[in-house]
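Trainee: Before I use the descriptive words in my notes, I would like to go through some of them with you and hear the reasoning behind each.

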Amino acid sequence: MNILIVGAGICGLALAHRLDEQGVSYRLIERAEHWTNEGAGICLPPNAVMGIERLGLKAQLMALSHQVKEVSYVKPSGQVLAQASLLSPPLNKAPFVSLQRAQLLALLREGMDTKVSFGVTVTKLTQQEQVKVGFSDGSEEMFDLVVGADGINSQTRQAVFDEPGLIDLGVTNWRFVVNQSTEGLEPLYYLGSDSAFMRYPMADSKVYCYAHVIDPPGHHASADKHWLRKKFCRFAPEVTEAIAAMPDEAGLITGRLKAVKSREVYKGRVVLVGDALHGCPPTLQQGVGMGLEDIHLLADLLAKGQSIETALAEFKLLRAERIYWVVEESNRVIRLASKGRSFVGRVLRNMMVRKLGPANVQGWRKLLSDNHAPY
């Protein structure tokens, strides 16, 4: 078997590690010219940590990470609306950790320098009994399977799927990391009217910050520090201090919340994993968790020695319902948050939070109790 992995991000690298273990031949390509460290912090719920553990890297991950034990949803002032422990079943199946995204990437990149073809993209895919792939360097090669691990803006999905586009959810977001005291800090989600802010403690007195505003397409908010300070000036002092502590705009990552439209999983011998398959808002922080579930299940099915067609059909059968729920629920929570733009909407939203608890914790409980969870 010869496999092409498109994209050397978290999922592509994880799959390469699994295929190395199984002695399966593959080619791993990456469109960037060299390793990059885009991204700020990253939060890994238990299923993500279990996925790292299956790679044999849990001890190294824990050495780099900060374990969080509680999540709180609060008003902009910091007044608590709801809290939930992450130490009770089923949330205690594995630790919930946070770390800098660059550290996680470095962990997965160990031993991979010579196994990645940098600066290479797919220019053509032709499916017959195998997949004939044309590359940007002018070469062509035949593969038994192509795995698109090339992120939410996946070119593989664009090339193969019938509905490859994305839904713009009308939210602009910013991410950054600051040096700030983490003593006694557990994750805080500040729920504003048309805005939200998140503070996550990490190791070495660093705090991962995430901010967003409801921002319809065509009316994108500014991406500078001054604008953020003005927008969040009525939030708790810890929020305004975090924005003030941001060194400069170079460390500020701006994006739009989007979600994959398609519910296809594969077509022929081309299958998607990770954000290419189920990219959605980080409401449930499932980008890494769901992506690692994808690659472990796919690798396990390929190791059974069955045909590619049988493996992909089983992969879809075991993943489709779980993927659908995560994308729909992540989108739903974003739409629920937007109700805060009106006074009545804020009252109803806050009542729901008080009654049901943090929405992301509800989601994690469901995912960790689901019969379709792969581990």
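Trainee: Why is lysine 115 called partly exposed?

Mentor: This is a predicted model, and in it lysine 115 has a relative accessible area of 34%. Buried requires under 20% and exposed requires over 50%, so lysine 115, at 34%, is partly exposed. Lysine 115 sits in the loop between helix 4 (101-109) and strand 8 (116-118), where it touches Asp20, Tyr26 and Leu28, residues up to four places away in sequence not being counted. Its C-alpha atom is 7.6 Å from that of arginine 27, although the two residues are 88 apart in sequence.

Trainee: What makes lysine 75 partly exposed as well?

Mentor: The relative accessible area of lysine 75 is 25%, and because that value lies between the 20% and 50% limits, lysine 75 is partly exposed. Lysine 75 belongs to the loop between strand 5 (70-74) and strand 6 (80-85). Apart from its neighbours within four places in sequence, lysine 75 is in contact with Leu81, Tyr190, Leu191, Asn350 and Arg354. Its C-alpha atom and that of valine 353 are separated by 11 Å, with their positions 278 residues apart along the chain.

Trainee: Why does glutamine 180 count as buried, when it lies in a loop between strand 13 (166-179) and strand 14 (188-191)?

Mentor: The word rests on accessibility: glutamine 180 has 13% relative accessibility, which is under 20%, and therefore counts as buried. Leaving out residues up to four places away in sequence, glutamine 180 touches Arg199, Ser205, Lys206, Val207, Glu238, Glu241 and Ala242.

Trainee: How do you know whether aspartate 204 and glutamine 285 are buried or exposed?

Mentor: Aspartate 204, in the loop between strand 15 (195-202) and strand 16 (206-214), has a relative accessible area of 62%, and since this is over 50% it is exposed. Glutamine 285, in the loop between helix 8 (275-278) and helix 9 (287-302), has a relative accessible area of 9%, and since this is under 20% it is buried. Each of them has a positive phi without being a glycine, the angle being near 60° for aspartate 204 and about 50° for glutamine 285.

Trainee: What makes helix 2 (residues 46-54) mostly covered?

Mentor: Seven of the nine residues in helix 2 are buried, namely Pro46, Asn47, Ala48, Val49, Met50, Gly51 and Ile52. Helix 2 is followed by glycine 56, which has a positive phi near 80°.

Trainee: Why is valine 344 called exposed?

Mentor: Valine 344 has a relative accessible area of 56%, and because that is over 50%, it is exposed. Its place is in helix 11 (residues 343-356). Valine 344 also belongs to a nonpolar surface patch with Phe343, Val347, Leu348 and Met351, and together these residues have about 510 Å² of accessible area.

Trainee: Why is helix 10 described as roughly antiparallel to helix 12?

Mentor: The axes of helix 10 (residues 308-337) and helix 12 (residues 359-369) come within 11 Å and cross at roughly 170°. Angles over 145 degrees count as roughly antiparallel, so helix 10 is roughly antiparallel to helix 12. The contact is made by Arg322, Trp325, Val326 and Val333 on the helix 10 side, and by Ala359, Gly363, Lys366 and Leu367 on the helix 12 side.

Terms used
Residues numbered from 1 in each chain as written. Predicted model: local features only at pLDDT ≥ 70, side-chain atom pairs only at ≥ 80, totals over all residues. Heavy atoms only, no water. Helix = DSSP H or I, 4+ residues; strand = E, 2+ residues; numbered from the N terminus. Buried < 20%, exposed > 50% of the residue type's maximum accessible area, 1.4 Å probe, protein only. Contact = heavy atoms within 4.5 Å. Patch = residues over 30% accessible without salt bridge, like charges linked within 9 Å, V, L, I, M, F, W, Y side chains within 5 Å. Areas by Shrake-Rupley, 256 points an atom, 1.4 Å probe, with all protein chains shown as cover. Salt bridge = Lys/Arg side-chain N within 4 Å of Asp/Glu carboxyl O. Axes fitted to C-alpha atoms, helices over the stretch in contact; angles between N-to-C directions. Parallel < 35°, antiparallel > 145°, perpendicular 65-115°, else oblique.
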